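Colleague: I would like to learn how to read a model like this one feature by feature, with the general idea before each case. Could you take me through it?

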Amino acid sequence: MGPGVPALEGARPHERVLRRDRASQPRLGAEAAGGSVSPTQLHPLWNALREVRDPELPVSVVDLGLIYAIRRDGARVEVDLTFTATGCPCMAFIREDVRGRLLREPGVHEVVIHEVWDPPWTRERMTEEGRRVLRSYGIAA
């Protein structure tokens, strides 16, 4: 984001309908949804997504808090992903990078990405590592 562009902290009035039409809540992880993979088996997928950087910021999509959940059922992986703003110009790049990186993991043959807009992304979703990296570049986090 450039100077003078406020961070999106919540749904703007005209976005509330859009957000209601999309996923209402982040989906439960595999362990909570009765999936076939334990949480520890998902760690390699989370670590793989730590290699995917936001195209505009020097932070991984995980540390930026864009990944809400990962589920795996055999060769199929589902990712709940959000963006920092509904008009983010990098949405297609991020989806491609997430899909491409997960398809490089052993046994992953299909990746389904669910865009999640509610709850909206806020700076509070960032990890401490993400904040540290942004601060090192002089970006308030």
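Modeller: Let us begin with contacts, where a contact means heavy atoms within 4.5 Å. Among the contacts in the protein chain with a separation of 6 or more, 64% are accounted for by residues 24 or more positions apart. Please keep in mind that this is a predicted model, in which local features need pLDDT of at least 70 and side-chain atom pairs count only at pLDDT 80 or more, while totals for chains, interfaces and linings use all residues. Residues are numbered from 1 along each chain as its sequence is written, and side-chain values use heavy atoms, with hydrogens and water left out.

Colleague: How many helices and strands does the protein chain have, and what pattern does the chain follow along the sequence?

Modeller: Helices (H or I, at least four residues) and strands (E, at least two) are DSSP runs, numbered from the N terminus. The protein chain has five helices and three strands, and reading along the sequence gives the pattern α-α-α-β-β-α-β-α.

Colleague: In what order do the strands form the sheet?

Modeller: Strands of a sheet pair through backbone hydrogen bonds, either parallel or antiparallel. For the count used here, two strands pair if DSSP finds at least two bridges between them. In this model three strands form an open sheet in the order S1-S2-S3, with mixed pairing. Strand S1 (67-73) and S3 stand at the edges with a single partner strand each, so one side of each is left without a neighbour in the sheet. S1 and S2 run antiparallel and are joined by six bridges; within S2, Glu 78 is the bridge partner of Arg 71.

Colleague: Which strands do H3 and H4 lie across?

Modeller: For such angles, axes are lines fitted to C-alpha atoms, for helices over the stretch in contact, and the angles run from 0 to 180 degrees between N-to-C directions. H3 lies across S1 and S2 and runs at about 135° to S1, whereas H4 lies across S2 and S3 and runs at about 145° to S3.

Colleague: Where around H3 do its buried residues lie?

Modeller: Buried means under 20% relative accessible area, exposed over 50%, and partly exposed in between (1.4 Å probe, protein chains only). By that count, 42% of the 141 residues of the protein chain are buried. An α-helix has 3.6 residues a turn, so residues three or four places apart point the same way. In helix H3 (residues 39-49) the buried residues are Leu 42, Leu 45, Ala 48 and Leu 49. They cover an arc of only 105° around the axis, which puts them on the same side of H3; the arc is that of the directions from the helix axis to the C-beta atoms. Glu 105, placed in the loop between H4 and S3, touches Pro 44, Leu 45 and Ala 48, not counting residues up to four places away in sequence. At 13% relative accessibility, Glu 105 counts as buried.

Colleague: Which residues of H5 are buried, and which are exposed on the other side?

Modeller: In H5 the buried residues are Gly 130, Arg 131, Val 133 and Leu 134. Seen down the axis, they fall within an arc of 165°, so they line one face of the helix. Glu 128 and Ser 136 are exposed on the other side of H5, Glu 128 at 53% relative accessibility. Although Glu 128 and Asp 63 are 65 residues apart in sequence, their C-alpha atoms are 7.7 Å apart in space. Just after H5, Gly 138 takes a positive phi of about 80°.

Colleague: How is the aromatic pair arranged?

Modeller: Rings of Phe, Tyr and Trp (its six-membered ring) pair if their centres lie within 6.5 Å; planes under 30 degrees apart count as stacked, over 60 as edge-to-face and the rest as tilted. The structure holds one aromatic pair. Phe 83 and Trp 117 form this tilted pair, at 5.9 Å centre to centre and with 35° between the planes. The pair links distant parts of the chain, 34 residues apart: Phe 83 is in the loop between strand S2 (76-81) and helix H4 (91-103), and Trp 117 is in the loop between strand S3 (110-115) and helix H5 (128-136). Phe 83 is buried at 2% relative accessibility, and Trp 117 is buried at 4%.

Colleague: Why is Cys 88 not bonded to Cys 90?

Modeller: A disulfide is a pair of cysteine sulfur atoms within 2.5 Å, and the structure holds zero disulfides. The sulfur of Cys 88 is 4.7 Å from the closest cysteine sulfur, that of Cys 90, which is too far for a bond. Cys 88 counts as buried at 10% relative accessibility, and Cys 90 at 7%.
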